[in-house]
Amino acid sequence: TPQEAADYLKGRGQLTATFSWQDLWHEEHARQFTVSRLSRLDILKSMQDGITASVNGDLTRRDWIKNAKALLQKEGWWGEKEVLDPVTGETVLTKFNPARLTLIYDTNTRMAYSAGLWQRIERNKQTHPYVRYMTKGDERVRASHRQWHNLVLPVDHPIWKTIWPPNGWRCRCLASSLTQRDYDKGYSEYRPPYEYSPDGTVKRIPPVVRVPFNKTAPDLVMRDWVNQRTGEVSRVPVGIDPGFDYNPGMARDARMLQVGRDKLASASPQVRQAAMTPMVGNLVSPDFGAAVTAAYEALPVTVRETLAAGGFEVQVVQRVVDAVPEMVGKRVPGATGMTYTSAGGLTIYDARKILVAEQTLVAGAWKDVGTMLGEGLLNHEVGHGLSYLLKWAEHPVVQAAWQKESAALAAYLSKVEPGLFDEIKYYVQPWPRGIVETVAELYALRRTQGTATYLDVAAAFPQTRAALEALLDEKDL
């Protein structure tokens with residue numbers, strides 16, 4: 001059972017009576033369950049419970065449809081029924097039949113599996129940093145979706161906000177994650193169907209076919225779409241049905257962050273304080289522990305609340321490897337000659353940890369980083385945590401500015417000395433690693449100081465900094 005899919009369905013705890021699929025939009029579906037023109041909340045609850053049981057493996061699709069039909073027949077909702085539309089005041093007909101039940105089941109389960117898949121892809125993106133879009137490859141695939149088959153882009157690419165499957169009613173498209181090795185291979189493989197003789201024996205086994213990856217993001221053509229229920233005009237990509245142009249997994253992330261904020265707000269003062277205070281390890285010196293704790297408590301309360309609501313725990317440790325021994329010797333992506341063994345700070349997204357270390361490995365010996373750099377490391381890693389929760393690196397204005405400035409900065413690589421060369425290379429890494437590090441460093445510079453030694457990151461990325469500052473000011477971060 002995909003637990004994330006079941007959790008998505010359980011998280012839709014609010015039952016909502018609607019009279020059109022247009023009444024709920026995008027992320028509202030992450031917290032509300034509805035069936036259009038079904039105003040009986042007790043029947044809605046029974047249908048939701050059945051779909052959840054099916055995703056849990058306790059009920060087949062056929063059995064859910066059979067049970068739902070029996071329930072609707074018993075309550076007088078099977079077939080055609082007149083209902084009053086509260087928006088227009090008109091009496092309209094609704095119809096429940098096997099075809100509609102099938103659509104209800106398929107849409108809800110596919111959205112749940114889609115949200116669950118995104119949760120797993122996000123959790124595993126350090127080992128599987130790419131996503132591949134796939135169609136079923138048959139004659140039923142829409143032409144607009146066929147063009148995206150074998151599209152492979154980084155997990156953090158903003159395109160997945162929009163074209164994440166399903167991308168329409170009865171859409172059967174899929175997605176999967178890929179390792180760097182898979183990506184570098186550059187193609188997928190499949191074997192066409194066997195050819196059979198009239199007597200049923202295999203006549204020919206076709207050879208395996210290689211299909212190249214498409215590693216270039218498509219330019220989505222947008223169209224205006226008017227919600228007839230509200231009059232609101234939305235911009236919807238051509239090829240995606242209105243209402244499907246979003247990622248239900250991302251919507252669930254946003255919903256869970258709000259749930260975390262609500263829980264934090266209702267917690268006792270002691271629990272709230274503990275959630276917003278760093279944990280200091282036993283081996284950390286009192287001066288360093290106190291300095292990093294003070295720096296964290298000096299952050300805006302909105303920052304600490306956001307991290308706590310998102311489940312992040314800040315730990316001050318003597319060495320990063322004390323907290324994550326499995327990272328010993330592993331290379332830091334994009335950092336010349338650096339391993340996690342020598343790292344002074346580390347954000348672990350799946351475990352929701354922000355680590356700040358008192359000591360780092362320099363030329364084979366452990367050295368204290370000092371309280372000033374400790375504060376810089378803290379703010380840099382806080383920037384990582386906030387960016388992960390609030391998707392700063394995926395914001396179109398931030399991203400456009402960084403793409404332009406990183407390309408200009410990379411042009412100077414052949415003209416600078418080794419230390420500056422290494423740092424420039426680190427901040428202009430291929431998307432998304434370079435922008436993630438740049439955003440975190442710019443956040444650190446907003447607070448006190450950053451971690452770069454040779455490169456003035458704020459001066460190198462002025463437009464990126466301005467775009468990020470606007471987002472920070474808007475959220476009071």
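This is a dialogue about reading cores, buried residues and cavities in a predicted model.

Biologist: Where should I begin with the interior, and which residues touch the most other members of the largest nonpolar core?

Modeller: In soluble globular proteins, nonpolar side chains tend to be buried together. Here the largest nonpolar core has 50 residues, and those touching the most other members are Leu-307, Val-382, Trp-392 and Phe-461. Helix α12, which runs over residues 371–390, gives this core its largest share, namely six residues. There is also a second, separate core of 21 residues, with Ile-121, Leu-153, Val-155 and Ile-159 among them.

Biologist: If I take Val-382 and leave aside its neighbours within four places in sequence, which residues is it in contact with?

Modeller: Once those neighbours are set aside, Val-382 is in contact with Tyr-296, Leu-299, Val-303, Leu-307, Ile-354 and Tyr-443. One of these, Leu-307, is also among the residues that touch the most other members of the core.

Biologist: His-384 is in helix α12 too; is this histidine buried or exposed?

Modeller: His-384 has a relative accessible area of 5%, and because the cut-off for buried is under 20%, this residue counts as buried. Apart from its neighbours within four places in sequence, His-384 is in contact with Thr-347, Tyr-349, Val-436, Glu-437 and Ala-440.

Biologist: How should I read a residue in a loop, and where does Tyr-246 lie?

Modeller: Tyr-246 is found in the loop that joins β13 (233–237) to α7 (248–266), and with a relative accessibility of 7% this tyrosine is counted as buried. From C-alpha to C-alpha, Tyr-246 is 4.6 Å from Thr-162 in space, although the two are 84 residues apart in sequence.

Biologist: How is empty space inside the model found, and how many cavities of 30 Å³ or more does the structure hold?

Modeller: Rolling a probe the size of a water molecule over the atoms shows where empty space is left. In this structure there are two cavities of 30 Å³ or more. The volume of the largest cavity is about 50 Å³, and its lining consists of Glu-122, Arg-123, Asn-124, Lys-125, Gln-126, Tyr-349 and Asp-350. Tyr-349 is also one of the residues in contact with His-384.

Biologist: What classes of residue make up the lining of each cavity?

Modeller: For the largest cavity, the lining has four charged, two polar and one nonpolar residues. The second largest cavity, with about 50 Å³ of space, is lined by residues that include Asp-106, Arg-110, Trp-169, Cys-171 and Phe-244, and by class its lining has four nonpolar, two polar and three charged residues.

Note on methods. Residues are numbered from 1 along each chain as its sequence is written. This is a predicted model: local features need pLDDT of at least 70, side-chain atom pairs count only at pLDDT 80 or more; totals for chains, interfaces and linings use all residues. Side-chain values use heavy atoms; hydrogens and water are left out. A nonpolar core is a set of buried Ala, Val, Leu, Ile, Met, Phe, Trp, Tyr and Cys residues joined through side-chain atoms within 4.5 Å. Buried means under 20% relative accessible area, exposed over 50%, partly exposed in between (1.4 Å probe, protein chains only). Helices (H or I, at least four residues) and strands (E, at least two) are DSSP runs, numbered from the N terminus. Contact means heavy atoms within 4.5 Å. On a 1 Å grid over the protein atoms alone, a cavity is a set of points where a 1.4 Å probe fits but cannot get out, and a pocket is an open set with protein on both sides within 12 Å along at least five of seven lines; lining residues have an atom within 4 Å of a point. Grid points are joined across faces, edges and corners, and a volume is the space filled by probe spheres set on the points. Ala, Val, Leu, Ile, Met, Phe, Trp, Tyr, Cys and Pro count as nonpolar, Asp, Glu, Lys and Arg as charged, and the others, Gly among them, as polar.
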